[in-house]
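Open the model in your viewer and keep the selection tool at hand. We will go stop by stop.

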Amino acid sequence: MRKHTVLRSRSESFSFIVENRTIRMLLILLGLTALLFLTGLSVGSTFIHPIAVMKHLIGTNGEEHAFVIGTLRLPRMVLSMLAGMALGVAGLILQGIVRNPLASPDIVGITGGASAAAVYVITFHSEISLKWVPLAAISGACVVSLLMYALARNNGVTPIRLVLIGIGIQSLTSAAVTLMIVLSPTYSTSEAYIWLTGSVYGANWNHVMSLLPWVVIFVPLTFVLSRKLNVQELGDGVALGLGAKVQRNRFALLLISVALAGSAVAFAGAIGFVGLMAPHISRMLAGRSFGSLVPVTALIGGMIVFMADTAARTLFLPLDLPAGVFVSGIGAPFFIYLLYRNRHQ
Amino acid sequence: MKALGLWACFALLLVSFAASILWGQTRTPLATAASAFLHYDRDSAEQVIIRTTRLSRAVIACMIGASLAVAGALMQALTRNPLASTDLFGINAGALFFVVFGAVFLSFNSLAHLMWFAFLGATVAALLVFLLGSVGRDALSPIKIVLAGAALTALFSSFTSGLLVVNEQNLEGVLFWIGGSVSGRTLDMAYPVFPVVIAAGILALCLGPAVNILTSGDDIAKGLGQKVIAVKLLMGAIIVVLAGGSVAVGGLIGFIGLVVPHLVRSLVGIDYRWIIPYSAVLGASLLLMADIAARFVIRPEEMPIGIVTALIGAPFFIAIARRGFRKA
């Protein structure tokens, strides 16, 4: 039996178990994140020495690098981190609900709904300013997942139906996206395409501040609900036997997943594979209890998008590629390897 | 009875073929169309349209529709999964990625070369989907392999959009592939693909009895003396050629491979000696009709045909998923 830390409120209205191993792991990951952050801030088209970066962060270096760090690099990095966190946790929730390691928001149509709405705004209403794209994306994600849920509903929602209908809807939304792109004028075509690949280029503090509340509210909420997720993963029969309100919890968890995925996609574009990969990597690091998985997945997801974006903006200077290309380019083969490795589980 | 039905399907195919040649932005009277073939007059604009665009479009639609439907039928037999088809399993997306790579980065233009990229991509994707779907405890369960296919589709399409983002000036030229189109190629360009695809189609027809035995289960097939592995490999090769050839010519056209075999099974039952020819003929007619619809839905522009088939097919897929499914 491993050492656990049990956190439980007096009325036992919430309780979760966190393995001590996970706490160590979290500390290591936090350290790693900080290190990556420092590296990310110093590399780029102008190299800034890490010590100068640190001096800037504690505020002893005056205004020397204020523009490059404060305006260009920092918001972009924070945004990629937040988006990765949201996507990772959204994927974790979905995999828990569906009880299948291949589920993720970009496969069951949540991202697709967001994309269709966003591309609609980009191609047909670019005159009303692109600041409506995030709102459109979030509403698109909501509409699509409600539709998916309603269609899958037939005496309760089984995970299989949910996922299959999600795939069907995904292909409808991608048909819609293709149609809009084909009909649109060329200049918005490439803009829509970059959005579809996923990019945090040109992020500013407003974006960060708009995404932040979603992550700050819903990731901890998932943590609090992690024992419901634990129960969901046992299968409907066992979960019902344990007295869980399976259908209600499933709906609530799905909503959280949609909120996380929708908001992340809204600000960072349709970055794929984070929701698929991050939970897998965290399971290798932190076992199977969702209490430990939620924070670890959040950190891993953040790191994936962050590293992809750093690679995308530095490796091919002066080109600044969309981060999404790197996430799938590096992530997808890795994901296939992961599945192969875990084939006996 | 079944033979009679097949003739009826052929009649339907002929009617849709004729409609596809006659109807379009300019509607052509039957007499003009007939004279375009019987005594061709180069000065008549209508006759030129028919001989160049309309005819090649109709022939290509026939080829793609029949190939995709047969590939879907074989796929459903091979995986014993009613939700199987080459596009849902990521095979089309894999082929497309390799084709776009070949066209954009290695600057191959001729379909004689691009076709091989498509075959390679389809093979890679097919191998991956079986690898992914067969890992873990409940290997090759319908849900698992469908998810694996969706993951692969997502993977290859994000690669494809990555290629297009990096190489923006080719975006316009490649877009028709992504939406799917039967009008992007002339007959001359598609010519190298025909013999390969037709050979694969004939092979598929001959394979009917073997497929019947295979669908009764691996053990029974083995007991009846069938070389199960060989039959499966052959089916896989046919699927790859049919799907790859279609993608190389027409891009991503989805759901034909899902819808048509289902339709056919409700007509003729589970005998693959009939399912395969029926699928070919009905697949061709369905795609011809979809192509006609694509010309009229958003006039004066044309809708990519892949979108028309998705609009027909996705609700169908959702309906199957909702109903729950029996074994194919």
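This is a predicted model. Start by selecting Gln95(A). Leaving aside residues up to four places away in sequence, Gln95(A) touches Asn100(A), Pro101(A), Ala103(A) and Pro279(A). Show those four partners together with Gln95(A).

Now colour the helix around this residue. Gln95(A) sits in helix α3 of chain A, residues 66–98. Is Gln95(A) buried or exposed? Gln95(A) has 24 other C-beta atoms within 10 Å. The cut-off for a buried residue is 20 or more, so Gln95(A) counts as buried.

Next, add Leu255(A) to the selection. Leu255(A) lies 160 residues from Gln95(A) along the chain. Draw a distance between the two C-alpha atoms: they are separated by 14 Å.

Move on to helix α6 of chain A, residues 159–183. This helix has 25 residues. From first C-alpha to last, α6(A) reaches 36 Å, close to the 36 Å expected at 1.5 Å a residue. How many of its residues are buried? In α6(A), 24 of the 25 are, and the helix is mostly covered.

Keep α6(A) selected and show chain B as well. Here 43 residues of chain A are in contact with 39 residues of chain B. On the side of chain A that touches chain B, α6, α7 (186–197) and α14 (323–341) each supply at least two residues. The largest share, 15 residues, comes from α6(A). Colour this side of chain A by residue type: 26 are nonpolar, 14 polar and 3 charged.

Now hide chain A and look at chain B alone. Chain B has 15 helices and 0 strands. Its C-alpha atoms fill a box of roughly 65 × 55 × 35 Å along the principal axes. The radius of gyration is 20 Å, which agrees with the value near 20 Å for a compact globule of 328 residues. Buried residues make up 53% of chain B. Among contacts in chain B with a separation of 6 or more, 76% join residues 24 or more positions apart.

Last stop: helix α15 of chain B, residues 305–323. At 1.5 Å a residue, its 19 residues should span 27 Å, and the end C-alpha atoms are indeed 27 Å apart. Where does α15(B) bend? Select Leu311(B): the helix bends there by about 25 degrees. Then select Pro315(B), a proline that follows within four residues. Finish with the buried residues of α15(B), among them Ile305(B), Val308(B), Gly313(B), Phe317(B) and Ala321(B).

Note on methods:
Residues numbered from 1 in each chain as written. Chains lettered and ligands numbered in written order. Predicted model: local features only at pLDDT ≥ 70, side-chain atom pairs only at ≥ 80, totals over all residues. Expected span 1.5 Å × (residues − 1). Buried ≥ 20, exposed ≤ 12 C-beta atoms within 10 Å, placed from the backbone. Bend = angle between axes of the 7 residues up to and from the residue. Contact = placed C-beta atoms within 7 Å. Nonpolar A, V, L, I, M, F, W, Y, C, P; charged D, E, K, R; others polar. Rg over C-alpha atoms; globule rule 2.2 N^0.38 Å.
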